[in-house]
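Here is a quick tour of the empty space and the packing in this model. Have the viewer open while you read.

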Amino acid sequence: MRRWASGWPEALKARAARYALERSLGPFLEERLRLEQLSLDLRGGTGTLRHLRLRAAAVDEVLAGAGAPLELREGCLGAVTVTVPWAALGSRACGLHVTGLRLALSPRECPGTPGTLSPPPRGPGPPGTPSPPP
């Protein structure tokens, strides 16, 4: 009985982490997270997710809301590792390391005009150049 109980806390931690990650990242992922995709070292302050396929429509909605001139057609991540410095949480930054990022992007069409690409963002140019007319 003792051998079974010794493995329970880590399994419980992994399931709790998966639940929290699914609540925040789930809308942006094609598939539910599997425990095999998740590796945790909570005491060391690291967690890694592997082999993630992005839900293009959900990510693209965020891009469109930010005014991005590109839309996401397809995307995946090889791995995302988060590092949290528990001992210095208020004074040191958390880290995020992404590997194997693949995105298929295309120009976004202007709203209401099929086949017309969105114009480049307007704003001041390099120093010394006049701003574009409104």
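## Pocket, cavity and core

Strand β2 is the top contributor to the lining of the largest pocket, supplying five residues. Keep in mind that this is a predicted model. Besides β2, the elements that give two or more residues to that lining are α1 (2-25), β3 and β4 (95-99). The pocket holds about 450 Å³ of space. Its lining counts 22 residues, and the closest to the centre are Leu 21, Leu 25, Leu 49, Val 80 and Val 82. What classes of residue make up the lining of the largest pocket? They are 18 nonpolar and four polar, with no charged residues.

There is also one cavity of 30 Å³ or more in the structure. It is lined by Leu 29, Glu 31, Arg 32, Leu 33, Gln 37, His 51, Leu 52 and Arg 53. Here is how the two spaces look next to each other:

| Space | Volume | Nonpolar lining residues | Polar lining residues | Charged lining residues |
|---|---|---|---|---|
| Largest pocket | About 450 Å³ | 18 | four | no charged |
| Largest cavity | About 50 Å³ | three | two | three |

Now for the packing. As a rule, nonpolar side chains in soluble globular proteins tend to be buried together. In this model, the largest nonpolar core has 12 residues: Ala 17, Leu 29, Leu 33, Leu 38, Leu 49, Leu 52, Leu 54, Ala 56, Val 59, Leu 72, Leu 77 and Val 80. Two or more of them come from each of β2 (46-53), α2 and β3 (70-83), and β3 has the largest share, with three residues. Some names turn up twice: Leu 29, Leu 33 and Leu 52 belong to this core and also line the cavity, while Leu 49 and Val 80 are core members that are also among the residues closest to the pocket centre.

Leu 72 is a good core residue to click on. Leaving aside neighbours within four places in sequence, Leu 72 is in contact with Leu 54, Ala 56, Val 59, Asp 60, Leu 63, Leu 103, Ala 104 and Leu 105.

One of those partners is charged, so is Asp 60 buried or exposed? Asp 60 sits in helix α2 (residues 56-65), and it counts as buried because its relative accessibility is 13%, with the cut-off set at under 20%. A polar atom of the Asp 60 side chain lies 3.2 Å from the backbone nitrogen of Leu 72. With the same sequence neighbours left out, Asp 60 is in contact with Leu 70, Glu 71, Leu 72 and Arg 108.

Definitions and conventions:
Residues numbered from 1 in each chain as written. Predicted model: local features only at pLDDT ≥ 70, side-chain atom pairs only at ≥ 80, totals over all residues. Heavy atoms only, no water. 1 Å grid on protein atoms, 1.4 Å probe; cavity = no way out; pocket = protein on both sides within 12 Å on 5 of 7 lines; lining within 4 Å. Points joined across faces, edges and corners; volume = space filled by probe spheres on them. Nonpolar A, V, L, I, M, F, W, Y, C, P; charged D, E, K, R; others polar. Helix = DSSP H or I, 4+ residues; strand = E, 2+ residues; numbered from the N terminus. Buried < 20%, exposed > 50% of the residue type's maximum accessible area, 1.4 Å probe, protein only. Polar contact = N/O pair within 3.5 Å; in protein donor to acceptor, adjacent residues only side chain to side chain. Contact = heavy atoms within 4.5 Å. Core = buried A, V, L, I, M, F, W, Y, C linked by side-chain atoms within 4.5 Å.
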